[in-house]
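This briefing goes through one protein model, from selected strands and helices to the chain as a whole. The points are grouped by topic.

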Amino acid sequence: MSLDTGTEALARLAKERVDHRFKGLPPDAEGLTVGELAAQRRNLFTDGFATPVLALSAERLEHNLALMESYTERHGLAFAPHGKTSMAPQLFHRQTGRGAWGITLAVPHQVRVARAFGTRRVFLANELVDAPALRWIAGELERDADFRFVCYVDSVRGVELMDAALHGTARPVDVVVELAAGEGARTGVRTEAECAAVADAVAATRTLRLVGVAGYEGEVPQADPDRVHAYLRRLVALAVGFDRAGRFAGLTEIVVSAGGSAWFDAVSDVFAGIPELSAPVLKLLRSGAYVSHDDGRYRDVTPFNRVPEEGALEPAFRLWTQVVSRPSPEQAFTNAGKRDAAYDLDLPVAQVIRRAGTERPATGVAVTGLSDQHAWLRTGPDADLEVGDWVGLGLSHPCTSFDKWQLIPVAEADGTVVDYIRTFF
């Protein structure tokens, strides 16, 4: 995949026609290309957008991209933000343009999307034993000498399946041994002895190459700073032990990777102490939710709460919905629900109300539940809310906000829509 091909694929997104597939866009934009609609710089509130409509803040999106670029540079970390969060190649392009080493992904389909838009470095933070997908990866590696691909392994059986699927391929697939975050955690090898057995199995193949170790500290049971630091030190010790045993002989780079969106400060702390190994270490951080941040889960758990001197992420999403029913002084309903808003971690939060061009805080208004296409609002005595008002909702969990919208307006603070982000879930 040449860079030109990736750039051309991104350019083609602007040529896609606006139609019924895309929620919230102005009905009179039907038939325009996305690029033509963006060039009109319509206003989100006055130029025909229909509720419900999800919008990204242009200013906050740029702030978050810049903040994590400076954070990773300051701490000597390579950055491969997790692309499953947005599945938006335009954002992948902006992330790599802001210094990211590459993009982390979770399943083969996501890799195909990234490759279709020119992503040259992919870290698959998952095991991969699907034979057709492995053969496709091998074909990409053979076709494109600049493509770098790394994935997890966590069992001898998995290594055997990978080796069988890749038999006869020219270029080995790079793998890292995944160390589990503890008993009862998600995937990963449970003990150091088992890690060595998996590494031995990799060494016995010609189709795989062991390039490092990795894990996910977000799965540490009963996570707190002490437990997370202890797990990350164990991960580093595994890399050091592998290196001393000669398991990385001949490499020009050793990969040590961790880092979700809740503990990247701990990753920075521990990875700063990685000793000199037989080859330079790629200290690869994989946090992904930062790109939009949120008004719920990640607002509460972001490491910047612990290290405020390092900066602060800003929630970039707002779901605009409209009051369609006000059956009693204590209750109202808007026209967005589970089909439109993330709800797997927390319910949306009523933030602002717009009426006749005026915006004010959503005082006395709380979201108490979601139906498929309705938000249930509880309204107190101080709530000034009428049928027809727009209510701006803050969302929790970026990953399940992006995936409900195929084309997302990017709006400046005054409502001017300057771009549209296409997602591929």
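**Strand β15 and its partners**

Strand β11 (residues 331-334) pairs with β15 in the antiparallel sense, over 4 bridges. The model is a predicted one. Its protein chain holds 12 helices and 18 strands, and the points below start with β15.

- In the pairing of β11 with β15, Thr334 has Ala375 of β15 as its bridge partner.
- Strand β14 (residues 365-370) also pairs with β15 in the antiparallel sense, here over 5 bridges.
- Within β15, the residue opposite Val365 is Thr379.
- A hairpin is formed by β14 and β15, with 4 residues between the two strands.
- Strand β15 covers residues 375-379 and has one covered face, made up of Ala375, Leu377 and Thr379.
- The other face of β15, with Trp376 and Arg378, is uncovered.

**Strand β16, an enclosed strand**

- Strand β16 (residues 390-394) is largely enclosed by the rest of the structure, because 5 of its 5 residues are buried.
- Both faces of β16 are covered. Trp390, Gly392 and Gly394 are buried on one side, and Val391 and Leu393 are buried on the other.
- Strand β10 (residues 317-328) pairs with β16 in the antiparallel sense over 4 bridges.
- Thr321 has Val391 as its bridge partner in β16.
- Strand β12 (residues 349-355) is another antiparallel partner of β16, with 5 bridges between the two strands.
- Opposite Val349 stands Gly394 of β16.

**The open parallel sheet**

- Eight strands make up an open sheet with parallel pairing, in the order β2-β9-β8-β7-β6-β5-β4-β3.
- At the edges of this sheet are β2 (78-79) and β3 (103-105), each of which pairs on one side only.
- Strand β8 (residues 254-258) and strand β9 (residues 281-285) are joined by 5 bridges in the parallel sense.
- Ser257 has Leu284 of β9 standing opposite.

**Helix α10**

- Helix α10 (residues 264-271) is mostly covered, with 7 of its 8 residues buried.
- These buried residues are Phe264, Asp265, Ala266, Val267, Ser268, Val270 and Phe271.
- The buried residues of α10 pack against two helices, α3 (58-74) and α9 (225-244).
- They also pack against the strands β8 and β9.

**Two serines: Ser57 and Ser278**

- Ser57 is located in strand β1 (residues 53-57).
- Ser57 has a relative accessible area of 16%. Buried means under 20%, so Ser57 counts as buried.
- Beyond its neighbours within four places in sequence, Ser57 is in contact with Ala316, Val410 and Ala411.
- Ser278 sits in the loop between α10 and β9.
- The relative accessibility of Ser278 is 55%. The cut-off for exposed is over 50%, so Ser278 counts as exposed.
- Apart from neighbours within four places in sequence, Ser278 is in contact with Asp243 and Ile254.
- From C-alpha to C-alpha, Ser278 and Asp382 are 66 Å apart in space, and they are 104 residues apart in sequence.

**The chain as a whole**

- The protein chain has a radius of gyration of 23 Å. This agrees with a compact globule, because one of 425 residues would have a value near 22 Å.
- Along the principal axes, the C-alpha atoms of the protein chain fill a box of roughly 70 × 45 × 35 Å.
- Of the 425 residues in the protein chain, 56% count as buried.
- Among contacts in the protein chain with a separation of 6 or more, 69% are between residues 24 or more positions apart.
- The protein chain has an accessible surface of about 17500 Å², and carbon and sulfur atoms account for 50% of this surface.
- Side chains that carry charge in the protein chain are 45 positive and 56 negative, and the centres of the two sets lie 2 Å apart.

Definitions and conventions
Residues are numbered from 1 along each chain as its sequence is written. This is a predicted model: local features need pLDDT of at least 70, side-chain atom pairs count only at pLDDT 80 or more; totals for chains, interfaces and linings use all residues. Side-chain values use heavy atoms; hydrogens and water are left out. The radius of gyration is taken over C-alpha atoms; the globule rule is 2.2 Å times the number of residues to the power 0.38. Buried means under 20% relative accessible area, exposed over 50%, partly exposed in between (1.4 Å probe, protein chains only). Contact means heavy atoms within 4.5 Å. Accessible areas come from the Shrake-Rupley method with a 1.4 Å probe; for residues, only the protein chains shown count as cover. Lys and Arg count as positive and Asp and Glu as negative; His and the chain ends are not counted. The place of a charge is taken as NZ of Lys, CZ of Arg, CG of Asp or CD of Glu. Two strands pair if DSSP finds at least two bridges between them.
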